[in-house]
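User: I would like to work through a protein model step by step. Please show it first.

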Amino acid sequence: MTNNQLSLDSYATLVFDCDGVILDSNKVKTQAFYQAALPYGEAAAQALADYHVANGGVSRYKKFAYFLENIATKSIAGVTLDTLLKSYAEHVITGLLSCEIATDLIELRERTPNMRWLIVSGGDQSELRSVFDQRGLSALFDGGIYGSPDIKEAILDREQSNGTITSPALFLGDSKYDYKAATGAKIDFVFMSNWSEVENWEQWSLQNNIYALPKISCLLDFCAQPLITQQT
């Protein structure tokens, strides 16, 4: 797909990342990683936050495992992978329930009535489903809401195999990992830039011939299906 070939109506399935695409939650999670790692000191906490930003879309399980193996220079009594994960979840949940939701999401759903929608995220699956329920978003994603501990490549492969993701499909993501996972699954990709934490994303997208849009609402310009309103 080149920059002048995007036609949303040509797709059977839309796959969405969550953080930075559906929810403006990237900074929420970056701060949560920092806070969870503070028992190891500010330098270690900042190193984990930096690692998280550089590896957007990768699950928290892998990030904290990397932290314990490569960044933490000492053991702290009572602090384990499980306690770090619990601390992170406690810090992040409030932000997920209050951060901004992508504008025009409901209108886009109405304009794509024949497409299946899925969430494929690096976020914790049970946490995602709870947040989407509480924020009234779950019904939009008729193909399901999926996340870690399964990695995105495994989720995409599984949902393609069981027929939930049918071709042609389009992945909407905000990280280099999203692009890698989509490309590996032979799914078209559009980079969503407004809430992304990818540095120098313009140069990266240009070098890789990746089509980029600022936000979800911009996709309405690529829908042939008109919005049907009820007559009163």
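The questions below concern a predicted model and go from its sheet to its helices and single residues.

User: In what order do the strands of the open sheet stand?
Analyst: The model has an open sheet formed by 6 strands. Their pairing is parallel. Read across the sheet, the order is β3-β2-β1-β4-β5-β6.

User: Which strands stand at the edges of the sheet?
Analyst: An edge strand has a single partner strand, so one of its sides is left without a neighbour in the sheet. This applies to residues 145–148 and to residues 211–213. The edge strands are therefore β3 and β6.

User: Which residue is the bridge partner of M192 in β6?
Analyst: Strand β5 covers residues 188–192 and runs parallel to β6. The two strands are joined by 3 bridges. For M192, the partner in β6 is L213.

User: What angle does the direction of helix α7 make with that of β2?
Analyst: Helix α7, residues 152–161, packs on the sheet. It touches β1, β2, β3 and β4. With the direction of β2, the direction of helix α7 makes about 155°.

User: Are α1 and α2 roughly parallel or roughly antiparallel to each other?
Analyst: Helix α1 spans residues 26–37 and helix α2 spans residues 42–54. Their axes come within 8 Å and cross at roughly 150°. Angles over 145 degrees count as roughly antiparallel. Therefore α1 and α2 are roughly antiparallel.

User: Is E127 buried or exposed?
Analyst: E127 lies in helix α6, which packs on the sheet and touches β2 and β3. The relative accessible area of E127 is 10%. Buried means under 20%, so E127 is buried.

User: Which residue's side chain does a polar contact join to that of E127?
Analyst: Leaving aside neighbours within four places in sequence, E127 is in contact with R60, A89, V92, I93 and L96. A polar contact of 2.7 Å links the side chain of E127 to that of one residue. That residue is R60.

User: What distance separates the C-alpha atoms of G147 and E127?
Analyst: G147 lies in strand β3 and is buried, with a relative accessible area of 0%. Not counting residues up to four places away in sequence, G147 touches S121, G123, Q125, L128 and I155. G147 and E127 are 20 residues apart along the chain. Their C-alpha atoms are separated by 8.9 Å.

How values were computed: Residues are numbered from 1 along each chain as its sequence is written. This is a predicted model: local features need pLDDT of at least 70, side-chain atom pairs count only at pLDDT 80 or more; totals for chains, interfaces and linings use all residues. Side-chain values use heavy atoms; hydrogens and water are left out. Two strands pair if DSSP finds at least two bridges between them. Helices (H or I, at least four residues) and strands (E, at least two) are DSSP runs, numbered from the N terminus. Contact means heavy atoms within 4.5 Å. Axes are lines fitted to C-alpha atoms, for helices over the stretch in contact, and angles run from 0 to 180 degrees between N-to-C directions. Buried means under 20% relative accessible area, exposed over 50%, partly exposed in between (1.4 Å probe, protein chains only). A polar contact is a pair of N or O atoms within 3.5 Å; within protein, one must be able to donate a hydrogen and the other to accept it, and residues adjacent in sequence count only if both atoms are side-chain atoms. Angles under 35 degrees count as roughly parallel, over 145 as roughly antiparallel, 65 to 115 as roughly perpendicular and the rest as oblique.
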